Amino acid sequence: MKASAGLDLFKTPLVLKIAGFTLITLTFFYLGKHWSSNGDQQVLFFSSSPGTSVGVSPNYGKSFNVTALIAQNQTDTVSEPEPTQVPVPPASTSPASDSAAVEQPPPPPAKELDRTFGIIDGDGKMSDDFEVGEVDPEVVENWGNETEIDSGAGESSRAKVKRFELCPESMREYIPCLDNVEAIKKLKSTEKGERFERHCPEKGKEMNCLVPPPKGYRQPLPWPRSRDEVWFSNVPHTRLVDDKGGQNWITKAKDKFRFPGGGTQFIHGADQYLDQISKMVPDIAFGNHTRVVLDVGCGVASFGAYLLSRDVVPLSIAPKDVHENQIQFALERGVPAMVAAFATHRLLYPSQAFEIIHCSRCRINWTRDDGILLLEVNRMMRAGGYFAWAAQPVYKHEQALEEQWEEMLNLTTRLCWELVKKEGYIAIWQKPKNNSCYLSRDEGVSPPLCDQDDDPDKVWYVDLKPCITRIPENGYGANVTAWPARLHTPPDRLQSIQMDAYISRKELFKAESKYWSEIISGYVRAWHWKQLKLRNVLDMKAGFGGFAAALIDHGFNSWVMNVVPVSGPNTLPVIYDRGLLGVMHDWCEPFDTYPRTYDLLHASGLFSVERKRCNMATIMLEMDRILRPGGRAYIRDTLDVMEELQEIANAMGWHSALHDTSEGPHASYRILVCDKRLLRS
């Protein structure tokens, strides 16, 4: 009976389960011991893709003294042992199949970690918040004086520049397309200002060095302090002080230049002058109806500097003439400015860009060649916009000046401009809002209307045209919303942009604005952009201007020059209709500005497009020329250009670090953050 009960016990489900589990455990233990002790076998880890990729444990073929390792760990807690190179094991047969041999590739090289640069704070942490000090002369002088190139080997290799040389000191203020003496000497004529236009170096003669800062260069003073004073050492030129000091333009006091705010026609200050203009024509309404203003022949840009406080974004332009440093002073002050000249070509701004175009003693003969230069003003002035002229013919009664005034009146009448006010030194005209006046003129009156097929927004190396630009019959360009609502209101001219669009253009416009708003929010959180002293900003591929709009929305006290490359759709009209600044440019050529202009260069999707037609090193060297010491460049682009860009950045002495986008490490885009820090902190 007891024996029978014992047999029944072994038949119970619980006992059977325990016995089965024990048997399986012993079987796996035996097999594991067998395989691990067999020197001809390896543990293989297969990827999810069948058949090809095999990973090998990095500890294969090694033996370890565990006791020694423990002892070493206890006694040496500071330094780590240097990594040893793991030998590549021979190919072996998979244990799963004796007939299917799988070749094992060598393990991939260890990925180099991204390196970031900064300053070690008091707690020993890397900090991005620091003050940039003066230039270290030893660093600059010891940088080197020759360009080293490593060509590599093999058919797929490309030239790798190890280090770019410093340019001669004579090139400290070099603007390649405006200082091309060789090309200027070959000009057939210079009587119309041709020497002040673009004459870029021929292919093979491009700048191939780093423009050094002047001795004693210091970090620019922050805005708004820079409106009133700048460091003498950053723009060490006193000619304007000698020539214009008595007109309240500029003075020198110890180690600084000071700007009292005056000008040739407003020696009592730009603020008082602007108040007078507002009283003369109340409809101008600075900061509401008037947002974008062009100041021609700007001097040191005090007119524009004081417009900024009225929520107006001015663009100050002047040629690099006898007062060649006036634009440099404007940029050092933190005022939007470019080198540009009224000569024989259209300026690089779209039609109907500016609500006001201002000329105060700008030294331009507006009536020459039947008013071809004033016709260019008419092209760029918004329908219903104003032309303000402060000059001697307005108020002086000498015979020659009175004749000039009569010529100006005759020309502006034929242009259908209305003289709305003449008071003191200033005369203000208004452009018509439609074509009705032009069409009602007597037959044969010059200048004629431009042909219907003329594109007034085509400006890259386009000659001036002796005709009146037509105002669109649909009112595009004239009907812009008041500021600040216009920043995010899709303008009418969005529909006239020649581009491939598979969804509504208004939706594209809104999507771009939202995209950049989110990106800037991320930059503020991750890289502490609010702590950066950003004033002069360049967006090298601006699209609809969403990046600049996002900076405004996030409260940055900066201005942005939005560049529209010639290789893409011409979105400049949209940028200006939003109340922003912009310019057309070809990045295969140098930009029309002085060295050390911008605090931040932003390039999104630029190089992956332009590398098909431009040399990427040439673009990067131009970026170095126009970036201030202590400034930054953010390059957001595809993976396939990043390695070369980082090599070039390092060869220029920039500190660079490659970062993932918010989409993560598997995204096709990366962000290359570069610091130009040839400075002592």
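## Exercises on a predicted model

P447 is situated in the loop that lies between α14 (436-439) and α15. The model is predicted, and the exercises below start from this loop.

**Exercise 1.** Determine which residue is joined to P447 by a cis peptide bond, and state omega.

*Solution.* The residue is S446, and omega of the S446 to P447 bond is about -5°. A cis peptide bond also joins W483 and P484, with omega of about 10°. P484, too, is found in the loop between α14 and α15.

**Exercise 2.** Describe how helix α15 is placed against helix α16: at what angle do the axes cross?

*Solution.* Two packed helices are described by the angle between their axes and the distance between the axes.

1. Helix α15 covers residues 505-527 and helix α16 covers residues 546-553; their axes come within 8 Å and cross at roughly 55°.
2. An angle from 65 to 115 degrees would count as roughly perpendicular and one under 35 degrees as roughly parallel; the crossing angle therefore makes α15 oblique to α16.
3. As to handedness, the crossing of α15 past α16 is right-handed.
4. On the α15 side the contact is made by E512, W516, S517 and I520, and on the α16 side by G546, F547, A550 and L551.
5. Sorted by class, the contact of α15 with α16 has five nonpolar, two polar and one charged residues.

**Exercise 3.** Q352 and R361 each have a positive phi. For each residue, establish the location and decide whether the residue is buried, partly exposed or exposed.

*Solution.*

1. Q352 is not a glycine, yet its phi is about 50°. Its place is the loop between β14 (337-339) and β15 (354-360).
2. The relative accessible area of Q352 is 4%. Buried means under 20%, so Q352 is buried.
3. R361, likewise not a glycine, has a positive phi of about 50°. R361 sits in the loop between β15 and α11 (368-380).
4. The relative accessible area of R361 is 34%. Because exposed means over 50% and buried under 20%, R361 is partly exposed.

**Exercise 4.** Characterise the chain as a whole: how many helices and strands are there, and what percentage of the residues count as buried?

*Solution.*

1. The chain has 20 helices and 25 strands.
2. Of its 681 residues, 48% count as buried.
3. Among contacts in the chain with a separation of 6 or more, 66% are between residues 24 or more positions apart.
4. The accessible surface is about 34,700 Å², and carbon and sulfur atoms account for 53% of this area.

Notes:
Residues are numbered from 1 along each chain as its sequence is written. This is a predicted model: local features need pLDDT of at least 70, side-chain atom pairs count only at pLDDT 80 or more; totals for chains, interfaces and linings use all residues. Side-chain values use heavy atoms; hydrogens and water are left out. Helices (H or I, at least four residues) and strands (E, at least two) are DSSP runs, numbered from the N terminus. Buried means under 20% relative accessible area, exposed over 50%, partly exposed in between (1.4 Å probe, protein chains only). Contact means heavy atoms within 4.5 Å. Accessible areas come from the Shrake-Rupley method with a 1.4 Å probe; for residues, only the protein chains shown count as cover. Axes are lines fitted to C-alpha atoms, for helices over the stretch in contact, and angles run from 0 to 180 degrees between N-to-C directions. Angles under 35 degrees count as roughly parallel, over 145 as roughly antiparallel, 65 to 115 as roughly perpendicular and the rest as oblique. A crossing is left-handed if the near helix is turned anticlockwise from the far one by less than a right angle, and right-handed if clockwise. Ala, Val, Leu, Ile, Met, Phe, Trp, Tyr, Cys and Pro count as nonpolar, Asp, Glu, Lys and Arg as charged, and the others, Gly among them, as polar.
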